Amino acid sequence: MSGDLKNSCTRPCSFTGTHRENTRDTQDHTPASPAAIIVLPESERKETLRTAFMKARILVTRPPSNAALVELRRRFSVEANEQGSAWSAEELRLRAADKDGLLISGADRIDGPLLDATPKLKVVCNVAVGYNNIDLAACSTRGVLATNTPGVLDETTADLTWALLLATARRLPEAERFMRAGQWQGWRGDTFMGRDVHHATLGIIGLGRIGLAVARRAHGFSMKVLYHNRHRLSRKVEQQWGVTYATLPRLLRTADFISLHLPYSPEVHHLIGEKQIAQMKPSAVLVNAARGGLVDDVALIAALRSRRIAAAGLDVFESEPNFNSGFLELDNVAILPHIGSATQVTRQAMFQLAVKNLTAALAGKRPPSLLNPAAWKNRRR
Ligand code: DGY
């Protein structure tokens with residue numbers, strides 16, 4: 001790919017099948033005679049460079065829209081999952097086999113076996129900020145760049161977190177189901193009694209960009225905000241954001257609402273399990289719009305069933321999309337199909353950033369959100 005780009009100004013466009021001055025067969029790779037060499041004007045040179053990208057073959061596992069694909073097809077040779085239903089690992093591997101770049105979702109697993117089956121692969125671009133689906137070490141040893149989409153979905157994910165928090169605190173899904181079932185007989189003094197959010201204590205585990213966006217909203221509800229991070233923030237930053245550091249046990253014991261905003265890694269697998277739930281208040285509400293696997297779903301279901309804690313709002317699950325059906329039997333849980341970043345504007349921004357990463361990498365430039373700088377030196381070209 002980059003070899004084609006380097007040569008593109010001196011060769012007589014043997015790869016530019018669409019160029020109007022190109023009369024040679026696009027498959028003709030015989031060296032051009034000096035007389036045949038055309039020195040292209042700047043504008044056409046740019047066009048030649050642009051069409052050179054078409055040589056790069058890319059796979060898009062979950063395109064956000066047809067419009068996005070139209071745009072991509074201008075620049076690349078694109079294979080896309082236009083049906084929308086997820087490909088199996090094997091199908092993904094087969095389709096990726098001849099590709100230079102992948103635009104994937106956080107639900108697509110990139111591991112050693114896939115990388116071994118994709119010798120031309122140069123870059124893997126997650127259309128997600130979380131990247132626990134990508135084996136970064138496996139990418140780096142093979143010189144494959146990996147990227148994600150940080151920064152563009154923080155506010156949208158914080159909104160969804162709050163939607164879950166309010167919905168569970170005020171029992172909205174239950175009340176909504178009740179209405180739809182035609183069960184409402186009139187106003188009563190004791191129906192769907194919920195919990196106050198205002199002036200309560202919010203405990204945020206993982207105060208990064210999204211956690212901070214959640215904390216900022218909490219101040220509008222006059223809440224006290226505790227946070228727990230591996231590394232405590234400076235006092236100045238804590239003051240600036242109105243947040244108080246707490247050890248994990250203290251946060252679990254004191255918070256009325258506990259919201260998770262840390263990335264998943266094996267080190268934090270089941271960070272919230274039976275033992276941690278046992279430390280929470282019986283009135284506590286747990287919200288998880290970060291990643292499945294941070295919470296032990298079996299332990300959570302048991303705790304919700306026995307009312308050890310009051311409620312949970314979940315956008316993510318272990319082994320998505322096959323979530324534990326025990327949740328379906330419970331009224332005190334709101335469950336959503338991993339839609340934290342699902343607004344038109346944000347999904348578009350995520351896709352655009354992913355395409356920016358892809359385009360840069362395939363042009364031999366360092367992508368803006370490179371996850372494995374270790375791969376840069378020995379990147380595939
Ligand atoms: C992310 O960006 O990691 C989200 O979970 C995907 O929507």
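**Ligand surroundings and aromatic pairs**

A polar side-chain atom of S341 is placed 2.9 Å from an oxygen atom of the ligand. The model in which this contact occurs is a predicted one. Two further approaches to ligand oxygen involve the protein backbone: a backbone N or O atom of V129 lies 2.7 Å from an oxygen atom of the ligand, and a backbone N or O atom of G130 lies 2.9 Å from an oxygen atom of the ligand. When the ligand is taken alone, 230 Å² of its surface is exposed, and the protein buries 86% of that area.

The residues that surround the ligand are A128, V129, G130, L153, R291, H338, S341, R347 and M350. Sorted by class, this shell consists of four nonpolar, three polar and two charged residues. R291 and R347 belong to the shell and count as charged, whereas A128, V129, L153 and M350, which also surround the ligand, count as nonpolar.

V129 also takes part in a contact within the protein, since the side chain of N148 reaches the backbone oxygen of V129 at a distance of 2.8 Å. N148 is situated in the loop between β5, which spans residues 145-147, and α7. With a relative accessibility of 6%, N148 falls under the 20% limit and therefore counts as buried.

H338, another member of the shell around the ligand, can be related in space to E320: the two residues are 18 residues apart along the chain, and their C-alpha atoms are separated by 8.8 Å. E320 is found in the loop between β11 (311-314) and β12 (333-335). The relative accessible area of E320 is 34%, a value that lies between the limits of 20% and 50%, so this residue is partly exposed.

Aromatic contacts were examined next. A search of the whole structure returns five aromatic pairs. One of them is formed by W162 and F221, whose rings are stacked, with a centre-to-centre distance of 4.6 Å and an angle of 15 degrees between the planes. Because W162 lies in helix α7 (residues 154-169) while F221 occupies the loop between α9 (209-220) and β7 (224-228), the pair ties together parts that are 59 residues apart in sequence. The partners fall into separate accessibility classes: W162, at 5% relative accessibility, is buried, whereas F221, with a relative accessible area of 29%, is partly exposed.

F317 and F323 form an aromatic pair with a tilted arrangement, the ring centres being 5.2 Å apart and the planes inclined at 40 degrees. Here, too, a buried residue is joined to a partly exposed one, as F317 has a relative accessible area of 7% and is buried, while F323 is partly exposed at 30% relative accessibility. Ring pairs extend this arrangement to F327, so that F317, F323 and F327 are linked into a cluster.

Cysteine residues were considered last. The number of disulfides in the model comes to zero, the criterion being a pair of cysteine sulfur atoms within 2.5 Å. Both C125 and C139 are nevertheless enclosed by protein: C125 counts as buried at 0% relative accessibility, and C139 is likewise buried, with a relative accessible area of 0%.

Technical notes: Residues numbered from 1 in each chain as written. Predicted model: local features only at pLDDT ≥ 70, side-chain atom pairs only at ≥ 80, totals over all residues. Heavy atoms only, no water. Near = heavy atom within 4 Å. Polar contact = N/O pair within 3.5 Å; in protein donor to acceptor, adjacent residues only side chain to side chain. Areas by Shrake-Rupley, 256 points an atom, 1.4 Å probe, with all protein chains shown as cover. Buried < 20%, exposed > 50% of the residue type's maximum accessible area, 1.4 Å probe, protein only. Phe/Tyr/Trp six-rings, centres within 6.5 Å; stacked < 30°, edge-to-face > 60°. Helix = DSSP H or I, 4+ residues; strand = E, 2+ residues; numbered from the N terminus.
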